[in-house]
Structures are given as C-alpha cells and as structure tokens.
Amino acid sequence: MVSAIVKMAEGQSGVDSLATEFATYSDFLDSQVTPTDLYYLEDEELARQLVELGYRGSGEVLKREDFEARKLAAAASRQARGDQQNVLCSTGKPVEKCALLLALAQREEANRNGKMTTIVFVRDRNHRGQEISGYIDYAHRLKTEDFGPYFSGRRKLLPRHSDLSFYNWDTNYSTSNSTANYQAPSPGDNTTCARLSSQRYIQITLFDHITRRKA
C-alpha cells in the first residue's frame, strides 16, 4: 500500500508542492477564492463549495478526497526518502574482511548521529608507493564524501592533505587542519585509543571521543 502511494506521488507533477503548500483542504479552497467571489457571494463557505464543485476558482479543481490522497502520498514519499538517507553506507558490505572496515562500520551510526566522533590514524603507502600517515576525522569525512567505495573494499581509506594531519615520510611534506569536531591535534577528554592489526595497512589506530550531544 505504501509503495503504491509513493509511486502516486512520484508520478504526479507538483504533488509534493501542492500538498505541502496547504495544511488543510479548506486552505486550498480559500486560495482559489477571489476577492470578486467574496464581494458578490458575501459568504466564504458558499465560495468554498462553489470552488470544490468547479464553478468558481482561479486554479486547479481538486476534490477533497484527491487532496487528502495527495497529502498522504507526499508524506509517504518524504518518509521513503528519509528512510533511504538513514541507511548506513556499511550495510550489506563485506566489512568483516578488514579490521579497519569492521571497526568503522561499528562506529558509523554513532559518528553520523553525533553520539561519537572518531579519529582514525592511518599509516600506509599511497598510489606512488610513498609512505604516508595522518589523523582522519571520521565523522567529518562521513559528511563530506561517500563511504560506499571504502566499505565495499574498492578504495582504501588514506589520509589527505585536508585531514586533521597529513605527513609524507618520503618528501617530508606535512599539513595540519582543524575540523568542526577537533582542534588539531588534540582530541580532547573522554577519548579512548584502539590499535588494529590489518594486512592491508602498515599501522592503524582509532581514537573514539564520546560526546554529550544527543542524536
């Protein structure tokens, strides 16, 4: 039933805007009544009835049941979009194959809803074979990029120049940046450290900071 309603919303042009513009059917009818109608009829309720019957009005003729159906369809469509957005990137991905991916998957929801912010320290080699390391604000990266390729194993999570810190051991190039969650380089109080072992990385360390913010 819900899927049918969602398809109804998607198939009608302007449905969502119409349904959200007017809170009630009476509001919709009032929007179709002109000052001239009120002048001659001198009765708001009668003017609404004539609009509903299609005799008066300055816009689309829409029956009460059709308006309610559109409101329901728009609400279902918004709910469906919200449910899609709430699906975690790690859901259904083979994260068990890598200790880092498994750890990130376990922390993804908490980092997205603000209950936790995690700093990931990674030391590995880039595509040029150069050894690099850096501290990554996991919550910040989740908000600014798609983690699907990471969780599926198609891409390795490596530090970037824009992360909390970055260091190239071959060129001695380094950067340091602050994010909305951290002032580099200190993660603050209530922080725990977890070192992971993975065949895919030279060194991995996660710093979990428990926040007081509510989801």
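A search of the whole structure, which is a predicted model, finds 0 disulfides. For orientation, a disulfide is a covalent bond between the sulfur atoms of two cysteines. Two cysteines illustrate the settings in which such side chains occur here. Cys98 has a relative accessible area of 4% and is therefore buried. Cys193, by contrast, is partly exposed, with a value of 39%.

Cys98 leads on conveniently to Tyr201 and the nonpolar interior. Once neighbours within four places in sequence are set aside, Tyr201 is in contact with Cys98, Leu100, Val122, Arg123, Asp124, Lys156, Leu157 and Leu158. Tyr201 also belongs to the largest nonpolar core, a set of 23 residues. Leu100, Leu104, Val120, Phe147, Phe151, Leu157 and Tyr201 are the members with the most contacts inside this core. At least two residues of the core come from each of α7 (99–113), β1, β2 (131–137), α8, α9 and β6 (203–210). Helix α7 provides the largest share, with 5 residues. Such an arrangement is a familiar one to look for, since in soluble globular proteins nonpolar side chains tend to be buried together.

Not every buried residue of α7 is nonpolar, and Glu108 is a pleasant case to inspect. Glu108 lies in helix α7, and the residue is classed as buried because its relative accessible area is 0%, under the 20% limit. Beyond its neighbours within four places in sequence, Glu108 is in contact with Leu88, Cys89, Ser90, Tyr138, Leu142 and Phe151. The C-alpha atoms of Glu108 and Ala139 are separated by 8.0 Å, although these residues are 31 positions apart along the chain.

Two of the contacts of Glu108, Tyr138 and Phe151, also take part in a cluster of aromatic side chains. The structure holds 7 aromatic pairs. In general terms, a pair of aromatic rings is described by the distance of the centres and the angle of the planes. Tyr138 and Phe147 form an edge-to-face pair, at 5.6 Å centre to centre and with 65° between the planes. Both of these residues are buried. Phe147 pairs with Tyr150 as well, in this instance in a tilted arrangement with 4.7 Å between the centres and 55° between the planes. The relative accessibility of Phe147 is 1%, so the residue counts as buried, and Tyr150 is likewise buried at 2%. Ring pairs link Tyr138, Phe147, Tyr150 and Phe151 into a cluster. Phe147 and Phe151 thus appear both in this cluster and among the residues with the most contacts inside the largest nonpolar core.

Turning to charged side chains, the structure holds 8 salt bridges. One of them joins Asp124 and Lys156, with 2.6 Å from N to O. Asp124 lies in strand β1 (residues 116–125), whereas Lys156 is in the loop between α9 (148–151) and β3 (165–168), so the salt bridge ties together parts that are 32 residues apart in sequence. The two partners differ in accessibility: Asp124 is buried at 6%, while Lys156 is partly exposed at 28%. Lys156 has a further partner in Tyr201, as its charged end sits over the ring of that residue, 4.7 Å from the ring centre. Asp124 and Lys156 are both in contact with Tyr201.

A comparable combination is found at Arg123. This residue forms a salt bridge with Glu131, in which the closest N and O atoms are 2.5 Å apart. Glu131 is buried, with a relative accessible area of 13%, and Arg123 is partly exposed at 23%. The charged end of Arg123 sits over the ring of Trp169, 4.3 Å from its centre.

A further salt bridge connects Arg141 and Asp163, with 2.7 Å between the closest N and O atoms. Because Arg141 lies in helix α8 (residues 138–144) and Asp163 in the loop between α9 and β3, the pair ties together parts that are 22 residues apart in sequence. Both Arg141 and Asp163 are buried. Salt bridges that share partners extend this pair into one network comprising Arg141, Glu145, Arg160 and Asp163. The loop between α9 and β3 therefore carries Lys156, the partner of Asp124 in strand β1, and also Asp163, the partner of Arg141 in helix α8.

Conventions. Residues are numbered from 1 along each chain as its sequence is written. This is a predicted model: local features need pLDDT of at least 70, side-chain atom pairs count only at pLDDT 80 or more; totals for chains, interfaces and linings use all residues. Side-chain values use heavy atoms; hydrogens and water are left out. A salt bridge is a side-chain nitrogen of Lys or Arg within 4 Å of a carboxyl oxygen of Asp or Glu. Buried means under 20% relative accessible area, exposed over 50%, partly exposed in between (1.4 Å probe, protein chains only). Helices (H or I, at least four residues) and strands (E, at least two) are DSSP runs, numbered from the N terminus. A nonpolar core is a set of buried Ala, Val, Leu, Ile, Met, Phe, Trp, Tyr and Cys residues joined through side-chain atoms within 4.5 Å. Contact means heavy atoms within 4.5 Å. A disulfide is a pair of cysteine sulfur atoms within 2.5 Å. Rings of Phe, Tyr and Trp (its six-membered ring) pair if their centres lie within 6.5 Å; planes under 30 degrees apart count as stacked, over 60 as edge-to-face and the rest as tilted. A charge sits over a ring if NZ of Lys or CZ of Arg is within 6 Å of the ring centre and within 35 degrees of the ring normal.
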